[in-house]
Amino acid sequence: MGIIVRNLTKHFGDFAALDGVSLEFAPGELVALIGPSGCGKTTLLRVIAGLETPDAGEVILGGRDVGALDARERQIGFVFQHYALFRHMTVFENVAFGLRVKPRRERPSEAAIRERVHQLLALVQLAPLAERYPSALSGGQRQRIALARALAVEPRVLLLDEPFGALDAKVRKELRVWLRRLHDELAISTIFVTHDQEEALDVADRIVVMNRGRVEQTGSPQGVYDDPRTPFVYAFLGAANRFDGRLSPHGFVAEGAREPFAADGIGIAGQPGAQSVAPAHAFVRPHDLEIHPRRAARGDGIDAQVRRVIVRGASVRVELTGAAGPLEAELERDAWHALGVREGDGVTVVPKAWRAFALPQ
């Protein structure tokens with residue numbers, strides 16, 4: 001089912017949690033809402049679910065304005081970060097709960113409820129645990145049960161608020177792969193909130209980056225990562241080095257560099273080709289930051305010192321410091337060994353791809 005939100009505004013006192021948010025979600029799409037704490041992600045989810053009432057704006061589900069409907073009437077499944085399972089109920093009873101509290105005229109028979117619950121437990125791969133209580137389950141198992149309970153009432157939309165936020169890194173990775181597979185099987189419209197950018201990039205069909213109650217950018221995960229439109233998106237989505245400097249008709253000149261950065265992989269937002277010098281920031285991904293021995297220094301490079309080297313299997317992360325501040329580079333292990341550089345050595349760093357943004361005047 002398609003979802004449309006138009007000009008949603010929501011204030012809590014003087015704080016604008018949502019500031020004119022408009023978005024469309026295609027039927028069967030899995031969309032991740034990402035952004036810093038307080039940017040409006042969870043508020044948007046709760047407004048769609050009917051758990052919060054907006055000050056202004058519309059929520060349209062399947063072509064129908066649902067502003068006058070309460071949460072139960074919207075046929076939306078909601079999964080919270082902390083499971084919200086009933087401790088005194090077994091796994092089976094937790095999943096069956098939503099079906100058993102339906103109005104009598106809508107409530108399935110007991111046989112139909114049992115069949116539906118067993119189908120869902122098989123779907124989330126926890127059928128053998130039907131008679132256990134939540135206290136006997138792991139965190140990952142509890143979250144899968146919470147998801148099965150949300151699916152029991154056959155929702156038209158599934159909303160997930162930091163569903164894996166309370167779990168350790170290994171379990172998070174396993175569950176996000178499982179969630180993607182489950183979504184592909186069910187083809188249900190799904191929106192999930194996460195602080196984990198890697199999670200969003202791995203799982204979602206599309207991401208929505210939010211900041212201060214507004215949408216900064218939306219698009220495919222790879223598209224937004226490769227083509228960030230604002231400094232906030234560049235810095236927030238994935239690791240990035242920031243260089244202070246200035247834009248000129250010849251490009252971006254970083255503080256500490258004698259020449260503009262090379263034009264290969266160039267990206268300038270603001271006023272490209274401006275005739276006057278403008279203060280700016282340039283952003284460079286760690287894998288786009290080349291390291292050269294100091295003796296091979298280039299005019300468009302910046303002097304730095306290797307502070308720490310962290311080997312991660314086939315790749316190496318290099319932490320540097322210098323006039324440009326702390327920097328981070330990432331390269332293949334063989335390429336690092338070929339440099340012949342050690343911790344404490346002086347080097348020159350050169351961006352091979354970058355994007356500059358003129359500062360507001």
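**Exercise 1. A salt bridge**

R6 forms a salt bridge with E58. Find how far apart the closest N and O atoms are, and explain why the pair ties together distant parts of the sequence.

*Solution.* Start with the term: a salt bridge is a side-chain nitrogen of Lys or Arg within 4 Å of a carboxyl oxygen of Asp or Glu. Next, take the distance: the closest N and O atoms of R6 and E58 are 3.5 Å apart. Then place the residues. R6 lies in strand β1 (residues 3–12) and E58 in strand β4 (residues 56–61), so the pair ties together parts that are 52 residues apart in sequence. Strands (E, at least two residues) and helices (H or I, at least four) are DSSP runs, numbered from the N terminus. Finally, the total: the structure holds 19 salt bridges.

Before going on, note that this is a predicted model: local features need pLDDT of at least 70, side-chain atom pairs count only at pLDDT 80 or more, and totals for chains, interfaces and linings use all residues. Residues are numbered from 1 along each chain as its sequence is written, and side-chain values use heavy atoms, with hydrogens and water left out.

**Exercise 2. The mixed sheet**

Six strands form an open sheet with mixed pairing. State the strand order and explain why β6 and β10 each have one side without a neighbour.

*Solution.* Two strands pair if DSSP finds at least two bridges between them. The order is β6-β7-β8-β3-β9-β10. β6 and β10 (214–219) stand at the edges with a single partner strand each, so one side of each is left without a neighbour in the sheet. On average, neighbouring strands are turned by 20° against each other, direction ignored. Angles run from 0 to 180 degrees between N-to-C directions, and axes are lines fitted to C-alpha atoms, for helices over the stretch in contact.

Now zoom in. β3 (residues 30–34) and β8 (residues 189–193) run parallel and are joined by four bridges. In this pair, L33 stands opposite V193. Then add the helices. Contact means heavy atoms within 4.5 Å. Helix α1 (residues 41–49) packs on the sheet and touches β3, β6, β7 (157–161), β8 and β9 (206–211). Its direction makes about 150° with that of β7. α4 also packs on the sheet, touching β6 and β7, and its direction makes about 165° with that of β6.

**Exercise 3. The antiparallel sheet**

Which are the edge strands of the five-strand sheet?

*Solution.* Write the order: β15-β19-β16-β17-β18, with antiparallel pairing. The edge strands are β15 (289–293) and β18 (327–332), and each pairs on one side only. The twist averages 45° from one strand to the next. For one pair, β16 (residues 302–312) and β19 (residues 346–351) share four bridges. There, D303 stands opposite T348.

**Exercise 4. The largest pocket**

What is the volume of the largest pocket, and which element gives the most to its lining?

*Solution.* On a 1 Å grid over the protein atoms alone, a pocket is an open set of points with protein on both sides within 12 Å along at least five of seven lines; lining residues have an atom within 4 Å of a point. A volume is the space filled by probe spheres set on the points, which are joined across faces, edges and corners. The largest pocket has about 880 Å³. Its lining has 26 residues, and A71, R72, I76, G98 and V153 lie nearest the centre. β6 gives the most, with four residues.

Note on methods: On a 1 Å grid over the protein atoms alone, a cavity is a set of points where a 1.4 Å probe fits but cannot get out, and a pocket is an open set with protein on both sides within 12 Å along at least five of seven lines; lining residues have an atom within 4 Å of a point.
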